[in-house]
Amino acid sequence: MALPVFKREVSKMQDDGLFDEEVAATYDDDGGISAPELVDPAVNLLAEFAGGGRVLEFAIGTGRLALPLARKGVQVEGIELSRAMVSRLRAKEGGAEIPVVIGDMATTRVERRFSLVYLAFNTINNLTSQEAQVACFLNAAAHLETGGHFLIEVGVPPLQRLPLGETILAFDRSESHWGVDEYDVVNQNFSSHHIWFRDGSYRHFSVPFRYAWPAEFDLMARLAGLKLKDRWGGWKKEPFTKVSDRHVSVWQKIAD
């Protein structure tokens, strides 16, 4: 089927964006994303959908998922905007062998087709406009073989927890870190604010996001010629329910 043409071009970023050397240096320290009990189920599911074929990771980062996937014998390639993150990947065992193209995941193309394209840990939300998110789905479809799959892992917007008229939700509070999400429910955007405390000083880091509901992602997929195949509440194929705080969704490319 013919894919729709979007007239406005998504702007391409030319630097590391928000994920510069300072962020990259401590990215793997977050046990909430790098612990084996979290990584292993993700790698197992990704290997299942790879089916022995070649895999492309959008926003490959420091190789949190790509490296253990490669150790399973899967051929992995990546697209990544941040050179600082890729430098961390290259410094790890096996990281130099994974092909990575520097660029943004909404517009950058690799001259090959893949059995699986995936995007993990809320990274689709880093694209802060609907136009850019649609472009990402179109880009994923363009990289897929017929019958191939596009998989994303992303949180469900927690708006049910927001009291009427309020915009702030805390997601972490410890002696070393405070985390707060600030929501703009009119424009479907939010920012995650992080404050780290160390040795009597603090560091502040904020990241802008755009949230979308599963139904909106399904429409983006349909525009890209993809059809929903599976949706779970996590990497272990937990049921997706009204109280799930995230989803792992898989769409299949029907035809070129």
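Where does His143 lie? Hold that thought for a moment, everyone, while I set the scene.

What we have here is a predicted model, where local features need pLDDT of at least 70, side-chain atom pairs count only at pLDDT 80 or more, and totals for chains, interfaces and linings use all residues. Residues are numbered from 1 along each chain as its sequence is written, and side-chain values use heavy atoms, with hydrogens and water left out.

Back to the opening question: His143 sits in helix 6. Helices here are DSSP runs of H or I with at least four residues, strands are runs of E with at least two, and both are numbered from the N terminus. His143 counts as buried, at 1% relative accessibility. By that I mean under 20% relative accessible area; exposed is over 50%, and partly exposed is in between, using a 1.4 Å probe and protein chains only. Leaving aside residues up to four places away in sequence, His143 touches Leu56, Phe58, Ile79, Thr108, Arg109, Val110, Arg112, Arg113, Phe114 and Val117. A contact, for us, is heavy atoms within 4.5 Å.

Let's stay with helix 6. Its 14 residues, 130-143, should span 20 Å at 1.5 Å a residue, and the end C-alpha atoms are indeed 20 Å apart. The expected span is 1.5 Å times one less than the number of residues. Eleven of those 14 residues are buried, so the helix is largely enclosed by the rest of the structure. Among the buried ones are Ala132, Val134, Cys136, Phe137, Leu138 and, of course, His143.

Now let's zoom out. The protein has seven helices and eleven strands. Its radius of gyration is 18 Å, close to the 18 Å that the globule rule gives for 256 residues, so the protein is as compact as a globular protein of that length. That radius is taken over C-alpha atoms, and the rule is 2.2 Å times the number of residues to the power 0.38. Along the principal axes, the C-alpha atoms fill a box of roughly 55 × 45 × 35 Å. Buried residues make up 47% of the 256. Of the contacts between residues at least 6 apart in sequence, 60% join residues at least 24 apart. About 13,400 Å² is exposed, with carbon and sulfur atoms supplying 52% of it; accessible areas come from the Shrake-Rupley method with a 1.4 Å probe, and for residues only the protein chains shown count as cover.

For another buried residue, look at Leu69 in helix 4, residues 66-71. Leu69 has a relative accessible area of 0%. Not counting residues up to four places away in sequence, Leu69 touches Val43, Leu46, Ala47, Val55, Val74, Val76 and Tyr118. The C-alpha atoms of Leu69 and Val39 are separated by 9.9 Å, and the two are 30 residues apart along the chain.

On to the charges. How many salt bridges does the count come to? Taking a salt bridge as a side-chain nitrogen of Lys or Arg within 4 Å of a carboxyl oxygen of Asp or Glu, the count is six.

One of them joins Glu48 and Lys237, at 3.0 Å from N to O. Glu48 is in helix 3 (residues 36-50) and Lys237 in the loop between strand 10 (226-232) and strand 11 (246-253), so the pair ties together parts that are 189 residues apart in sequence. Both ends are partly exposed: Glu48 at 47% and Lys237 at 37%.

Next, Glu77 pairs with Arg54, the closest N and O atoms being 3.6 Å apart. Glu77 is in strand 2 (residues 75-80) and Arg54 in strand 1 (residues 54-58), 23 residues apart. Here Glu77 is buried, at 8%, whereas Arg54 is partly exposed, at 27%. Arg54, Glu77 and Arg112 are linked in a network of salt bridges. You may remember Arg112 from the residues that His143 touches.

Arg246 and Glu153 also meet in a salt bridge, at 3.1 Å from N to O. Arg246 belongs to strand 11 and Glu153 to strand 5 (residues 144-155), 93 residues apart. Arg246 is partly exposed, at 23%, and Glu153 is buried, at 8%.

Last stop, the surface. Trp178, Phe197 and Tyr202 make a nonpolar patch of about 350 Å². Patches are made of residues with over 30% relative accessible area and no salt bridge, with like charges joined within 9 Å and nonpolar side chains (Val, Leu, Ile, Met, Phe, Trp, Tyr) within 5 Å. Tyr202 is in strand 9, residues 201-210, and is exposed, at 59%.

Thanks for listening!
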